[in-house]
Amino acid sequence: MAAGGTDMGPEGPGAGEQPGGLRAALAGLTTRGRSFLAAGVAAAVCSYVLGQADLLRVGLLLAALPLVCVAVVYRTRYRVAGSRRLAPARVPAGSEARVHLRMDNVSRLPTGLLMLQDRVPYVLGPRPRFVLDRVEPGGRREVSYRVRSDLRGRYPLGPLQLRLSDPFGMCELTRAFSAYDTLTVVPRVEPLPPVRLTGEAAGYGDGRHRSLALAGEDDVIPRGYRIGDDLRRVHWRSTARYGELMVRREEQPQRAHCTVLLDTRRTAHYGSGPDSAFEWAVSGAASAAVHLLERGYAVRLLTDTGSSVPGPDGGGGFAGSTHDSAETAGLMLDTLAVVDHSDGGGLSPAYEVLRGGGEGLLVAFLGELDEEQAAMAARMRHRTTAAVAFVLDGAAWSRGVESGSTQELEDRLRRLREAGWTALPVGPGASLAQLWRQADAQGATRADAGSRAVGGMTGSWT
């Protein structure tokens with residue numbers, strides 16, 4: 001929310017307003033005012049040439065009217081305060097936000113006719129303009145307008161401008177507030193079905209990790225008593241066994257980890273605009289991150305450049321505890337709102353990050369892969385518990401029509417699947433929710449095949 005005040009008086013030093021003075025007032029003459037002034041001067045000159053006194057009086061009247069209006073506007077003095085409120089300040093692409101403007105007359109004099117204008121980027125729509133009637137001393141006026149953008153990003157709103165005009169429209173003075181607001185347009189988030197991806201751990205499948213904490217489930221392994229321990233947690237059997245006071249250790253399940261990898265390489269994506277392959281990948285990464293946070297995962301957003309959100313300062317970059325999942329989701333959406341193509345040529349920086357701490361589930365949104373990058377992605381799988389890849393079909397996106405996968409793409413997918421990935425091709429207009437279900441089904445099929453293979457080997461050994 002932005003707020004500020006401005007002084008519409010002749011001396012001019014209001015918050016963020018432009019230099020005042022009589023010269024500025026004369027520069028505020030409108031087209032009508034300049035026309036009247038020019039007509040008056042022309043009439044005066046003609047009266048002198050033609051010797052017509054009546055024409056001179058008409059010329060003086062025409063020239064005097066805009067000058068009087070300039071003097072009236074110049075001498076008008078009152079103070080107004082303005083504020084702006086966004087509802088909401090963060091919206092998905094293609095959705096509308098409402099901007100509420102409020103003007104307060106904090107002077108002891110009523111205002112004249114005010115023209116209110118707010119500056120907005122062209123992608124949000126036309127510049128809003130409002131005409132406010134006389135505002136009584138201590139009074140207020142509230143207006144609102146809507147903005148909408150199909151392109152994600154961060155857009156400044158402001159500064160708010162006021163135009164003071166005389167009743168005849170001869171002169172206008174403009175004053176601007178200094179405060180700005182920022183509207184964040186985040187990627188669209190598609191609701192995903194609550195499937196159980198193969199290899200999920202810590203709460204949704206096998207392989208649940210545990211870590212020591214201050215509260216949680218009892219552990220059968222005791223430890224020595226420390227000053228401050230609750231006596232109700234004394235483990236008497238172990239105390240009798242070891243001959244010293246022992247207490248039950250406490251632990252709680254560690255939350256599952258997930259890394260959402262977004263391939264931003266410029267060479268890996270075709271087209272531009274809201275319906276391009278890159279925007280689909282960004283929206284997919286946002287949808288997966290939000291979905292997994294809602295399911296209780298600690299999520300990290302990683303790009304091909306190796307940069308991660310929320311960053312390496314907290315738990316290897318993973319975040320999203322029970323109380324801050326919404327905050328983490330907002331942080332990731334804000335990051336994805338401004339993410340752009342990278343000039344990197346490969347996925348090796350992301351691979352190095354995963355080598356340092358890539359446990360848990362890996363969900364990757366990959367652009368077009370050559371043989372080298374497919375091999376790099378295949379090596380990432382060995383650093384994770386399970387891996388799901390959505391690989392964009394570059395040939396289909398370049399033509400803008402959904403078509404069957406090319407042989408080259410099939411080779412890349414087969415290589416990823418041989419490395420243990422659940423890999424799916426993505427064409428134009430694909431539904432992430434449907435692909436999410438297919439990933440679950442494909443992973444379950446691979447798990448069943450692996451179980452049968454292990455069973456066959458066990459039978460051969462018996």
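**Entry 1: ground rules and overview**

I count helices (H or I, at least four residues) and strands (E, at least two) as DSSP runs, numbered from the N terminus. On that basis I find 11 helices and 19 strands in the protein.

I am working with a predicted model, where local features need pLDDT of at least 70, side-chain atom pairs count only at pLDDT 80 or more, and totals for chains, interfaces and linings use all residues. Residues are numbered from 1 along each chain as its sequence is written, and side-chain values use heavy atoms, with hydrogens and water left out.

I looked up burial next, taking buried as under 20% relative accessible area, exposed as over 50% and partly exposed as in between (1.4 Å probe, protein chains only). Of the 462 residues, 45% count as buried. I then turned to contacts, meaning heavy atoms within 4.5 Å. Among contacts with a separation of 6 or more, 74% come from residues 24 or more positions apart.

**Entry 2: confidence**

I checked pLDDT, the predictor's confidence in each residue, from 0 to 100. The mean for the protein is 81, and 81% of the residues reach 70 or more. Residues 199-220 stay under 50, yet the model gives this stretch 55 contacts beyond four places in sequence. Residues 453-462 are also below 50, and here I find zero contacts beyond near neighbours in sequence. I will read both stretches with care.

**Entry 3: the six-stranded sheet**

I treat two strands as paired if DSSP finds at least two bridges between them. As a reminder to myself, strands of a sheet pair through backbone hydrogen bonds, either parallel or antiparallel.

In which order do the six strands of the open sheet come? I traced β16-β15-β14-β17-β18-β19, with mixed pairing. The edge strands are β16 (308-309) and β19 (422-426), each paired on one side only.

I then went through some of the pairs:

- β14 (residues 257-262) and β15 (residues 298-303) are parallel, with six bridges; valine 260 has leucine 301 in β15 as its bridge partner.
- β14 and β17 run parallel and are joined by five bridges; threonine 259 stands opposite leucine 362 in β17.
- β17 and β18 are parallel over six bridges; alanine 364 has alanine 389 in β18 as its bridge partner.

**Entry 4: strand β17**

Is β17 (residues 361-366) mostly covered or mostly open? I found it mostly covered, with six of its six residues buried. Leu361, Val363 and Phe365 are buried on one side, and Leu362, Ala364 and Leu366 are buried on the other, so both faces are covered.

I picked leucine 361, which is in β17, for a closer look. Leucine 361 counts as buried because its relative accessibility is 2%. Its C-alpha is 5.6 Å from that of threonine 385, 24 residues away in sequence.

**Entry 5: helices**

For angles I use axes that are lines fitted to C-alpha atoms, for helices over the stretch in contact, with angles from 0 to 180 degrees between N-to-C directions. Helix α6 (residues 325-338) lies across β14, β15 and β16, at about 15° to β15. Helix α10 (residues 407-418) lies across β18 (386-392) and β19, at about 160° to β19.

I also looked at α5 (277-294). The expected span of a helix is 1.5 Å times one less than its number of residues. For the 18 residues of α5 that gives 26 Å, which agrees with the 26 Å between its end C-alpha atoms. Since 16 of those 18 residues are buried, α5 is largely enclosed by the rest of the structure. Glycine 296 follows α5 and has a positive phi, near 100°.

**Entry 6: arginine 266**

Where does arginine 266 sit? I found it in the loop between β14 and α5. Arginine 266 is partly exposed because its relative accessible area is 45%. Leaving aside neighbours within four places in sequence, arginine 266 contacts His341, Ser342 and Asp343.

Aspartate 343 is 77 residues from arginine 266 along the chain, but their C-alpha atoms are separated by 6.0 Å. I also looked for a polar contact, a pair of N or O atoms within 3.5 Å; within protein, one must be able to donate a hydrogen and the other to accept it, and residues adjacent in sequence count only if both atoms are side-chain atoms. The side chains of arginine 266 and aspartate 343 make one, at 3.3 Å.

**Entry 7: cis peptide bonds**

I noted a cis peptide bond from glycine 158 to proline 159, with omega near 5°. Proline 159 is in the loop between β8 (153-157) and β9 (160-165). Another cis bond joins valine 309 and proline 310, with omega about 15°. Proline 310 is in the loop between β16 and α6.
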